[in-house]
Amino acid sequence: MKKNQVVMEDIELENGEDIEKDVVEMMPTKGKKPSTITDLPGVGAATAEKLAAAGFDNLMSIAVSSLGQLVEASGVSEAVARKMIQTARDALDMGFESGEEVLKRRERVQKIKTGSKAIDAMLGGGFETGAITECFGEFGSGKTQIGHLLATRAQLDDPEAIVVYIDTENTFRPERIRELAEGVKLDPEKVLRNIQVAKAYNSDHQMLLAEKIEELIKKQNMKVRVIIVDSLTAHFRAEFIGRGTLADRQQKINKHMHSLMKLADTYNILVYVTNQVMAKPDMFFGDPTQAIGGHIVAHASTFRIYLRKGKKGSRVAKLIDSPNLPESEACFMVTKEGLIDF
Ligand code: GTP
Ligand code: MG
């Protein structure tokens with residue numbers, strides 16, 4: 001009894017965190033190399049369930065998670081989360097890949113053509129899968145039209161392709177899809193059947209919808225090839241007003257962009273997002289507009305296209321950011337059938 005007390009006092013000299021660290025260090029790794037989440041130290045059935053509900057359902061998702069995300073999702077302590085991440089990383093082959101392997105992965109990239117040769121050339125052949133393309137520009141510049149066009153044309157060389165359309169401004173028009181489908185001789189009814197439309201009522205709803213897409217793919221076996229978010233920033237812009245809320249807004253947009261990026265990357269999906277511009281009254285030269293969402297959206301997008309109205313009803317698209325293509329411009333018109341060169 002006395003002996004025990006001494007031991008207790010010894011421990012109390014350390015702070016709680018240190019003790020926890022020791023306990024976690026001693027946690028057994030459950031036998032052989034982990035292959036599922038429940039093989040990780042500290043993960044019982046209840047924790048596994050919480051993790052799954054937050055989208056952590058395989059070792060890779062744990063291995064690439066941040067400490068904070070994991071703690072928030074599972075309710076375990078930081079020390080346990082750290083151990084989980086470390087064990088998942090050890091269990092997976094997480095090293096480098098050779099340039100050859102990257103090239104092989106690039107080979108699965110498909111390109112969706114727009115009908116305008118100029119735009120396709122500007123994009124090196126069309127809108128790419130496995131990437132996020134952002135279009136920003138003033139009202140009526142053609143952002144929504146391109147969204148409808150991609151939703152339709154995704155089904156040109158893959159009739160089974162599913163399109164997810166997250167509509168935040170209530171501008172999705174099935175009639176327009178029908179017209180565009182007829183323009184490329186696709187069955188309009190079939191095209192419409194393959195488009196899953198969800199209206200997002202606020203920014204949280206929008207983020208949740210994006211997170212639910214993985215379920216469509218995994219649980220309902222949908223072959224999602226294109227995701228459209230039109231508009232990416234409208235709700236955020238309307239809900240977060242004033243300077244003080246900017247950090248919160250950017251953090252949420254960042255999280256949203258990351259879940260879209262993960263989908264694009266994991267499932268080789270073409271993600272198309274639209275973005276408004278705001279006036280920059282202090283700008284005297286050049287274009288006095290600026291995209292909403294700032295650097296966060298800009299960095300997370302693989303390709304960025306600036307759209308503006310041109311002469312005689314034409315539209316001008318300018319590729320301003322791309323990992324492998326030069327800056328260039330394309331002039332086009334929106335017609336009944338789709339887009340044509342101007
Ligand atoms: P905001 O969402 O208001 O910021 O604009 P946006 O950039 O999404 O513009 P949108 O794509 O909706 O419209 C661009 C232009 O396409 C319009 O100004 C029209 O000239 C044209 N357009 C829109 N709908 C149709 C249509 O059904 N048929 C044809 N032929 N042209 C259309
Ligand atoms: Mg629009």
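How far does a polar side-chain atom of K143 lie from an oxygen atom of ligand 1? I looked this up before anything else. The distance is 2.7 Å. I keep in mind that this is a predicted model.

**Entry: around ligand 1**

I went on to the other polar contacts. An oxygen atom of ligand 1 sits 3.2 Å from a polar backbone atom of S141. R315 also reaches the ligand: an N or O atom of its side chain is 3.1 Å from a ligand oxygen. I then checked the cover. Ligand 1 on its own has 650 Å² of accessible area, and the protein covers 63% of it.

Next I listed the shell. There are 14 residues around ligand 1. Those that come nearest are G140, G142, K143, T144 and Q145. I sorted the shell by class and found six charged, six polar and two nonpolar residues. Which helix gives the most to this shell? I found that it is α9, residues 143–153, with three residues.

**Entry: the sheet**

I turned to the strands. Nine of them form an open sheet with mixed pairing. I read the order as β5-β4-β6-β7-β3-β10-β11-β12-β13. Which strands are at the edges? They are β5 (195–199) and β13 (339–341), and each pairs on one side only. I also noted the turn between neighbouring strands, which is 25° on average with direction ignored.

I reminded myself of a general point. Sheet strands pair through backbone hydrogen bonds, in a parallel or an antiparallel way.

**Entry: β11, β12 and β13**

I followed one end of the order. Strand β11 covers residues 315–321 and pairs with β12 in the antiparallel sense. I noted five bridges between β11 and β12. One pairing I looked up is V316, whose bridge partner in β12 is C331. The two strands form a hairpin, and six residues lie between them.

Strand β12 (residues 328–334) also runs antiparallel to β13, joined by three bridges. I looked for residues that face each other here. F332 stands opposite D341 in β13. M333 stands opposite I340 in β13. β12 and β13 make a hairpin as well, with four residues between the strands. In this hairpin I noted G338, which takes a positive phi near 155°.

**Entry: helices against the sheet**

I came back to α9, the helix that gives the most to the ligand shell. What does α9 lie across? I wrote down β3 (131–137), β4 (162–167), β5, β6 (224–230), β7 (270–275), β10 (303–309), β12 and β13. The helix runs at about 165° to β7.

Helix α12, residues 203–218, packs on the sheet too. I found that α12 touches β4, β5 and β6. Its direction makes about 165° with that of β4.

**Entry: backbone points to remember**

I looked at two spots in loops. The peptide bond from D230 to S231 is cis, with omega near 0°. I placed S231 in the loop between β6 and α13 (234–239).

The other spot is N268. What sign does its phi have? The phi is positive, about 55°, although N268 is not a glycine. I placed N268 in the loop between α14 (246–267) and β7.

Note on methods: Residues are numbered from 1 along each chain as its sequence is written. Chains are lettered from A and ligands numbered from 1 in the order in which they are written. This is a predicted model: local features need pLDDT of at least 70, side-chain atom pairs count only at pLDDT 80 or more; totals for chains, interfaces and linings use all residues. Side-chain values use heavy atoms; hydrogens and water are left out. A residue is near a molecule or strand if one of its heavy atoms lies within 4 Å of it. A polar contact is a pair of N or O atoms within 3.5 Å; within protein, one must be able to donate a hydrogen and the other to accept it, and residues adjacent in sequence count only if both atoms are side-chain atoms. Accessible areas come from the Shrake-Rupley method with a 1.4 Å probe; for residues, only the protein chains shown count as cover. Ala, Val, Leu, Ile, Met, Phe, Trp, Tyr, Cys and Pro count as nonpolar, Asp, Glu, Lys and Arg as charged, and the others, Gly among them, as polar. Two strands pair if DSSP finds at least two bridges between them. Axes are lines fitted to C-alpha atoms, for helices over the stretch in contact, and angles run from 0 to 180 degrees between N-to-C directions. Contact means heavy atoms within 4.5 Å.
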